[in-house]
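Got the viewer open? Let's take a walk through this one, stop by stop.

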Amino acid sequence: MYLPSEIEARYAIPALRAFIVRKLVKEHGFTQEAAAKSLGLTQAAVSNYLRGVRGVMSVWETNSQIQEYVDQIVSRIVADSINVRTVLKMMNQILLEIRRRKLLCIIHREVEPQLNLSECDICWR
């Protein structure tokens, strides 16, 4: 059985980073190096996110709440009014909100289908 923090580390955080990277590079013309610097990542990690090697999360692709969170960070980065520490803080707040709104359960259900998530309140309490 996976802890919620393991689900975040393995799936949620890479997915959020991949969404942010794709928007920065494809919609705002950032280079891989600039995107990496703004998120405190390596250029190689950014390349992996762009190629879909890391951070693939199809169940979140069309989730409007997730996209809102990603757009908040991207707009702050594009406006150049954000540093890596602030990105980390915003990412952490987003992860807390994802837990609270039971969006992490979507991933957990895919990873461990035998869990009865209707009785679970570990993440969001």
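**Start in the core**

This is a predicted model, so keep that in mind as you click around. Select L16, I20, W60, I66, I77 and I98: within the largest nonpolar core, which has 35 residues, these have the most contacts. Helices α1, α2 (32-39), α3, α4 (64-78), α5 (84-100) and α6 each give two or more residues to this core. The largest share comes from α1, with 9 residues.

Now zoom in on I77. Leaving out residues up to four places away in sequence, I77 touches I20, L24, F30, S38, L39, I82 and V87.

**Along α1**

Next, show helix α1, residues 4-28, and stop at A12, where the helix bends by about 35°. A proline, P14, follows within four residues of the bend. Just after α1 comes G29, with a positive phi near 70°.

**Salt bridges**

The whole structure holds 5 salt bridges. Pick E8 and R99: their closest N and O atoms are 2.8 Å apart. This pair joins helix α1 to helix α5 across 91 residues of chain. E8 is buried, at 11% relative accessible area, and R99 is buried too, at 18%.

Move on to E97, buried at 17%. E97 pairs with R100 at 2.6 Å and with R101 at 2.5 Å. R100 is partly exposed, at 48%, and R101 is partly exposed at 38%. Finally, select K23, E27 and D71, which are linked in a salt-bridge network.

**Before you go**

Color by pLDDT: the chain averages 87. Confidence is highest in helix α3 (residues 43-51), at a mean of 96, and lowest in helix α6 (residues 104-111), at 85.

Notes. Residues are numbered from 1 along each chain as its sequence is written. This is a predicted model: local features need pLDDT of at least 70, side-chain atom pairs count only at pLDDT 80 or more; totals for chains, interfaces and linings use all residues. Side-chain values use heavy atoms; hydrogens and water are left out. pLDDT is the predictor's confidence in each residue, from 0 to 100. The bend at a residue is the angle between axes fitted to the seven residues ending there and the seven starting there. A nonpolar core is a set of buried Ala, Val, Leu, Ile, Met, Phe, Trp, Tyr and Cys residues joined through side-chain atoms within 4.5 Å. Buried means under 20% relative accessible area, exposed over 50%, partly exposed in between (1.4 Å probe, protein chains only). Contact means heavy atoms within 4.5 Å. A salt bridge is a side-chain nitrogen of Lys or Arg within 4 Å of a carboxyl oxygen of Asp or Glu.
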